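Here is a brief structural report on one protein chain. Please keep the sequence and the model open while reading.

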Amino acid sequence: MRIAVDAMGGDHAPLVNVDGAIAAAQEFGIETLLVGKTGSLESLLRDSGYRGDKIEIVEAPEVVSMEEPATVALRKKRNSSIRVAAHCVRDGRAAGLVSAGHTGAAMVSAKMVIGTIEGVDRPALAAILPNLSGHCLLLDVGANPDARTPHFKEFAVMGSIYAQLVFGRKSPTIGLMSIGEEEGKGSATSKEAFKTLKETGLNFVGNVEGRDVFNGKVDVIVTDGFTGNVILKVSEALAEMVENMLREEIKKTLKASVGFLLSRSAFRSFKSRIDYSEYGGAPLLGVKGCVIICHGRSSAKAVKNAIRLAAEFSRQGLAEKIQSSIAALHANEARGQAQ
C-alpha cells in the first residue's frame, strides 16, 4: 500500500513533505510516492541521509500556486503535482493522496480525476475538533459553501461511517448546526435538512448550536461548507490565542513559572489535544480512494500523520463502507417512494 504525496504543495514545500514521507516510512513503514520536481526531491532526499526503499519519486514539473484558480490543475497545468498525484490513485499506483497545497485544486482533482463514489453528489471535507468528551467530527468545512438539503443527508451518512472508524462508536450521535435547538429554528435549508435527517435511520439527535462543538454533546456535526469553514478557522485561531496567552502569563511572574513547571505534563497534554498536526489533515469524504487535505502551513509532523491517516483508512476500506451505506440509503428512499 502506497500513498501519493503532493510534494510541491504547501507553504513549506517541498521540504516538509519530504521529511514527512521519511518519518512515515521510518515510524510506520508506509511507502509513499513523492510527486513533484525530481531534481529538487532527489536533492532533499540525499541531504536527509535517507537510504530506505519506501519512497519513490514521480515526476511532475508543474505546480498550482495558491493565487491560481482551482481549475488550473485540470485545464492548463495537466502535469501539476496535485493532478499527477490524483492520477496515481486513479490508476492504482497509490491507495490514497495527501496534499497541503491549493485546497480547491486538490478537491477538483480528486473529484474529476479520481472520481466520486456512486450516489454521492457532493464530497465533503471533515475535520476533527477537540471537545470536553474527546473529539467531534465537523463536516463540511469548506468543500460546499452552497450545500443544499440532499447534501446534508450525504454528509450525515459519510460522517457517521467516519466517526465509527475514528472514534470507535457503533452509532455516533449526529447534530445539525443551527441557531437554536428547536426543530423550527434556522434557515429554510436547515429546516428542510432537519426533516430529511430524521428519516435517515441514523442516530440524529436534532439541532445543535455553536457551543455544542466543544461541549461534547454529539459525535458528528453536519453543516454547510461556509459555516463549517468559519467554525474551523475560528477554532484554530482560538487555540493559538489560548496557547500564546498562557505562554505570556507564565513568563510574567516567578510564581506562574513555578506553577508551569509543576503542571508541565498537563500543558503538554493540552497542547497535543488542540494541535491540528496530530490529526494530519481533513479527509475528503465521498471520493474513490482516500484523499487527505492538510493545512497550508503543515509541518513535517502533520504530513507524516496525514500519510498515516490515508494508509489507515485505505486499509479499513473507508470509501467502500461509505459507498455501501450511501447505496443502502438510496435503496431505502426508493422503497419508500414506491410505497
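## Strand β5 and its partners

This is a predicted model. Strand β5 pairs with β10 in the antiparallel sense, over two bridges. Within that pairing, A124 has L285 of β10 as its bridge partner. β5 also runs antiparallel to β6, and six bridges join them. There, L129 has C136 of β6 as its bridge partner. The link between β5 and β6 is a hairpin through two residues.

How many residues of β5 are buried? Eight of the eight are, so β5 is largely enclosed by the rest of the structure. Both of its faces are covered. One side carries A124, A126, I128 and P130, and the other carries L125, A127, L129 and N131; all are buried.

## The whole sheet

In what order do the strands of the sheet stand? The order is β3-β2-β1-β4-β11-β10-β5-β6-β9-β7-β8. These eleven strands form an open sheet with mixed pairing. β3 (55–59) and β8 (204–208) stand at the edges. Each has a single partner strand, so one side of each is left without a neighbour in the sheet. From one strand to the next, the twist averages 25°.

At the β8 edge, β8 pairs with β7 (residues 174–177) in the parallel sense, over four bridges. L176 stands opposite N207 in β8.

## Helices on the sheet

Two helices packing on the sheet come next. Helix α2 (residues 38–48) touches β2 (31–36) and β3. The direction of α2 makes about 160° with that of β3.

Helix α6 (residues 149–167) also packs on the sheet. The strands α6 touches are β5 (124–131), β6 (134–139), β7, β9 (220–222) and β10 (282–285). The direction of α6 makes about 155° with that of β6.

## Strand β4

Strand β4 (residues 96–99) is covered on both faces. G96 and V98 lie on one side, with L97 and S99 on the other, and all are buried.

β4 pairs in the parallel sense with β1 (residues 2–6) over three bridges. In that pair, V5 stands opposite V98. β4 also pairs in the parallel sense with β11 (residues 290–293), over four bridges. Here G96 stands opposite C290 in β11.

## The α4 and α5 pair

At what angle do α4 and α5 pack? Helix α4 (residues 81–90) and helix α5 (residues 103–114) meet at about 35°, with their axes 9 Å apart. The crossing of α4 past α5 is right-handed.

On the α4 side, the contact involves I82, R83, A86, H87, V89 and R90. They meet A105, A106, S109, V113 and I114 in α5. By class, this contact has seven nonpolar, two polar and two charged residues.

## The chain overall

The chain holds 13 helices and eleven strands. It has 339 residues, of which 49% count as buried. The exposed area is about 15,700 Å², and carbon and sulfur atoms supply 52% of that area.

How much of the contact set joins residues 24 or more positions apart? Among contacts in the chain with a separation of 6 or more, such pairs account for 70%.

How values were computed. Residues numbered from 1 in each chain as written. Predicted model: local features only at pLDDT ≥ 70, side-chain atom pairs only at ≥ 80, totals over all residues. Heavy atoms only, no water. Buried < 20%, exposed > 50% of the residue type's maximum accessible area, 1.4 Å probe, protein only. Contact = heavy atoms within 4.5 Å. Areas by Shrake-Rupley, 256 points an atom, 1.4 Å probe, with all protein chains shown as cover. Pairing = 2+ DSSP bridges. Axes fitted to C-alpha atoms, helices over the stretch in contact; angles between N-to-C directions. Left-handed = near helix turned anticlockwise from the far one by under 90°. Nonpolar A, V, L, I, M, F, W, Y, C, P; charged D, E, K, R; others polar.
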